[in-house]
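Let's take a walk through this one together. Have the sequence and the 3D view open side by side, and we'll go stop by stop.

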Amino acid sequence: MASVLRILFAALLTVTLPAIAPAQQSGVEETPQAAPEAEAQPVIRQILVEGNQRVEADTVLSYLLIQPGQTFDTRLVNLSIQTLMATGLFSDAQFENRGEQVIVRVQENPIINRVILEGNSAIDDDKITDEIEAQPRAIFTRARVQSDVQRIIEVYRRSGRFAASVTPKIVEQPQNRVDLIFEISEGPVTGVRRINFIGNESFSDRRLRRELVTRESRWWRFFSSNDNYDPDRLEYDQELLRQFYMNQGYANFRVLSAVAELTPDQESFYITITIDEGEIFNFGEVTVSTEIEDLNEEFLAATLPIREGDLYRGELIESGIDQLTFAAGAAGYAFVNISPRTTRNREDRTVDIEFVIDEGPRVYIERIDITGNTRTLDRVIRRELDIVEGDAFNQVLIDRSRNNVRRLGFFEDVEVNETPGSAPDRARVQVAVTEQPTGELAFGAGFSSTDAFLVDLSISERNLRGRGQFLRFRISASSNRESIDIRFTEPRFLDRNLAAGFDLFRVNSDFLSEASFQTESTGASVRLGFPVTASTNLQLGYTLRTDNVLVYSSASQALLNQAGERRTSVLTYTLNWSRLNDPIEPSRGYRLQFSQGFAGIGGDVRYVRSEIEGAIYRPVLPRLFDNNIIASFTMNGGFVQPWGGDTVRINDRFFKGGNSFRGFEVAGIGPRIVTRDAETGELNRGDALGGRLYAVGAFEVSFPTGLPEQYGVRASVFTEFGTLGLLDTPDQIDEGAAGTAFTIDDMALRASAGVSIFWDSPFGPVRFDFAEAFIREDYDRAEFFRFSTRTGF
């Protein structure tokens with residue numbers, strides 16, 4: 001065995017030794033050959049930009065993540081491409097590696113030359129362009145165009161056209177510009193064919209439809225868009241249903257679903273609202289709890305408008321919160337949190353209410369910012385605010401400040417908002433105003449059923465130089481009257497809460513062709529007004545004027561007694577009391593004004609003149625009509641009492657008609673000189689003499705006309721009633737022979753009724769009055785139609 005192994009080993013040596021021998025004989029050690037090295041990346045020396053037309057090359061390079069001095073890195077190149085595309089400036093970007101030089105080729109997005117809308121007849125261009133992002137000189141991207149297509153479709157959906165479609169097209173123009181065209185197929189108006197209710201047992205479908213804003217499509221609703229289906233409006237309708245049922249005692253009311261199904265012809269929807277009415281609840285125990293020691297819980301509970309056993313109404317809870325907030329504020333705690341906690345007792349179907357009052361953190365006004373007043377000075381607005389920097393935040397004072405600013409009449413809209421300040425106990429108040437024209441060019445005209453025509457022209461500025469000053473120049477002319485007056489008022493005299501002003505006037509009343517007399521009055525007056533309380537103010541005044549009455553010698557004795565020139569010196573005061581919820585368009589509250597003038601402190605005339613004026617405003621069925629129908633009752637009365645043996649001259653008497661008594665022309669009622677026809681016995685009317693006593697009342701209901709709100713058209717129905725008379729005995733002439741002049745002073749009742757239409761036209765407010773005097777005297781002067789208009793600048 002051993003011999004065999006030796007033989008094999010010798011044979012192996014014989015095979016292997018020749019291969020090893022040459023290497024040993026040369027003396028060179030051969031080492032294994034290494035793998036070839038990776039080719040080294042060259043350093044970028046230059047980056048060139050190609051394809052750019054509007055965008056500068058430096059701008060393109062600023063977006064790149066690779067720079068000269070670096071090697072070409074694929075990862076950074078990809079990130080650079082993403083960055084360039086994210087700018088929206090380019091539709092394509094490519095990189096070419098040329099070793100030490102890198103070429104960046106870009107393709108710019110075109111610029112929009114024009115945006116053209118085609119096929120839109122139901123919606124104006126402005127309403128669409130305001131919604132879309134594409135504008136002339138903007139960058140064109142397909143993603144933005146598709147987004148604008150959806151926006152246009154949404155505009156049409158809001159207008160009730162769910163079948164509308166939009167096709168965008170582009171027309172290439174030189175210099176990499178395009179015209180963007182939106183071809184619109186509006187489709188039919190998608191109306192509401194039917195509104196159905198499921199689950200209503202206490203109220204009929206017809207009754208519930210009245211609570212919704214959405215209406216069923218009818219041919220007569222061509223001015224309204226509420227009969228077009230709008231999903232947002234349907235959401236609001238569900239909330240209106242909840243409010244309605246909550247105010248009827250259904251505390252557990254729920255809207256289970258509201259489904260709108262489009263008809264196969266895509267022209268209208270069927271709306272089905274499923275509800276769960278629940279049961280009627282009454283108010284149970286009503287309590288107030290608070291840890292504020294100065295607030296009496298029993299007293300606060302007594303001020304609530306909720307009583308145990310009353311029908312449950314959700315709006316009463318909100319009213320209770322407002323009442324408690326006001327009561328706490330009156331006690332000096334303007335910062336309270338009031339949380340109503342309700343407990344439903346299903347057994348006896350009552351709801352217990354606990355109002356929990358916690359004193360909130362005190363917040364102080366850090367800063368008051370006024371915005372939007374491009375013309376009015378800041379101090380004119382600030383002086384109307386009942387708050388200043390550093391005061392404790394008080395919502396009652398903020399609401400009052402807003403009404404004060406609105407009462408100025410300088411602004412179309414006034415909003416007062418609070419924002420967080422620099423610290424948790426600090427708040428900023430922003431008063432945002434929208435200015436409106438305060439200069440006014442007013443023109444008025446009246447048409448009489450007989451022969452009277454009145455023209456009134458005035459130029460006024462209620463915010464002179466942005467300082468809140470009032471200046472007016474007025475000219476009035478008619479067939480028998482001409483007047484010129486200048487009025488100026490400084491609302492903050494001597495930087496105090498005093499309104500001071502003066503008036504200069506001249507009035508010529510020409511009755512020569514009708515009653516053989518003419519009056520000329522020239523004078524001046526000064527005024528001073530100031531607030532007495534938060535809701536009352538007092539105005540004092542003094543007037544000095546000269547009155548000249550010219551009478552033909554052939555005139556009646558009633559007029560001959562008035563001839564001559566006299567000087568009147570009169571002291572006046574006026575007390576105003578207003579508790580209106582809105583000084584411009586009141587819907588609730590009342591106002592009262594009382595004034596007196598004392599003549600005889602100097603001058604030639606002696607009398608005491610007293611007048612009273614008041615108005616009450618109330619909404620009609622506010623829950624049903626949402627405060628859109630307002631009823632008002634106004635009353636006016638006056639009396640002049642001479643003293644010192646004087647009589648009241650004709651120019652100091654009251655005259656009523658025209659705007660002060662619709663249905664009658666100016667000076668159309670009251671004592672008058674007449675003659676009686678010898679044959680027929682009919683009265684032939686002469687000139688009005690005015691009266692010492694008058695009383696006029698009016699009841700009016702204003703309401704929307706049903707036209708879209710943007711048309712600015714409202715209307716009212718009214719009736720007016722009153723009387724005028726009571727001449728002094730020396731000014732009365734008894735009836736004599738037929739054909740001779742005499743006076744009639746019977747204090748008879750007059751009444752009229754009619755319709756007024758108010759239109760906020762593009763050139764200013766316009767008012768049309770149509771009135772019929774159904775109670776009148778034969779010698780009165782009636783007028784059926786009257787209009788007036790004015791325009792602002």
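Which residue in E32 is the bridge partner of Val713? It's Trp759. Keep in mind from the start that this is a predicted model, so we'll come back to confidence before the end.

That pair is a handy way into the strands around it. Val713 belongs to E30, the strand covering residues 713-725, and Trp759 sits in E32, residues 750-761. The two strands run antiparallel, joined by ten bridges. E30 has another partner too: E29, residues 693-704, pairs with E30 in the antiparallel sense, this time over twelve bridges. If you want a landmark for the E29 pairing, pick Phe703, whose bridge partner in E30 is Ala715. In general, strands of a sheet pair through backbone hydrogen bonds, either parallel or antiparallel.

Now jump back towards the start of the chain, where there's an open sheet of three strands in the order E1-E3-E2, with mixed pairing. The edges are E1 (46-50) and E2, each of which pairs on one side only. Averaged over the sheet and ignoring direction, neighbouring strands are turned by 20° against each other. The parallel part of the story is E1 with E3, which pair over five bridges. To find that pairing on screen, look for Ile47, which stands opposite Val102 in E3. There's a helix to add here as well: H3, residues 74-86, packs on the sheet and touches both E2 and E3. The direction of H3 makes about 160° with that of E2.

A second open sheet of three strands follows the order E4-E6-E5, again with mixed pairing. Its edge strands are E4 (111-118) and E5 (165-173), each pairing on one side only. Here, too, neighbouring strands are turned by 20° against each other on average, direction ignored. E5 and E6, the latter made of residues 177-185, pair in the antiparallel sense over nine bridges. Follow Ile170 across to E6 and you land on its bridge partner, Leu180.

What about the spaces in the protein? The second largest pocket takes in elements from both of these sheets: E2 (90-97), E3 (101-108), E5 and E6 each supply at least two residues of its lining. E5 gives the largest share, with three residues. The pocket holds about 270 Å³ of space. Its lining has 17 residues, and those nearest the centre are Ser91, Asn109, Pro110, Phe140 and Arg142. Sorted by class, the lining comes out as six nonpolar, seven polar and four charged residues.

For a closed space, head further along the chain. A search of the whole structure turns up one cavity of 30 Å³ or more, and the space inside it is about 30 Å³. Gly658, Arg662, Gly663, Asp769, Ala771, Glu783, Phe784, Phe785 and Arg786 line this cavity. Two strands, E33 (764-775) and E34 (785-792), each supply at least two of the lining residues. Three of the lining residues are nonpolar, two are polar and four are charged.

Finally, how far should you trust what you're looking at? The mean pLDDT of the protein chain is 80, with 86% of its residues reaching 70 or more. The beginning of the chain is another matter: over residues 1-38 the pLDDT is below 50, and this stretch has one contact in the model beyond near neighbours in sequence. Residues 446-452 also stay under 50, though the model gives them 18 contacts beyond four places in sequence. Where pLDDT is low, the predicted coordinates should not be read in detail.

Key. Residues are numbered from 1 along each chain as its sequence is written. This is a predicted model: local features need pLDDT of at least 70, side-chain atom pairs count only at pLDDT 80 or more; totals for chains, interfaces and linings use all residues. Side-chain values use heavy atoms; hydrogens and water are left out. Two strands pair if DSSP finds at least two bridges between them. Helices (H or I, at least four residues) and strands (E, at least two) are DSSP runs, numbered from the N terminus. Axes are lines fitted to C-alpha atoms, for helices over the stretch in contact, and angles run from 0 to 180 degrees between N-to-C directions. pLDDT is the predictor's confidence in each residue, from 0 to 100. Contact means heavy atoms within 4.5 Å. On a 1 Å grid over the protein atoms alone, a cavity is a set of points where a 1.4 Å probe fits but cannot get out, and a pocket is an open set with protein on both sides within 12 Å along at least five of seven lines; lining residues have an atom within 4 Å of a point. Grid points are joined across faces, edges and corners, and a volume is the space filled by probe spheres set on the points. Ala, Val, Leu, Ile, Met, Phe, Trp, Tyr, Cys and Pro count as nonpolar, Asp, Glu, Lys and Arg as charged, and the others, Gly among them, as polar.
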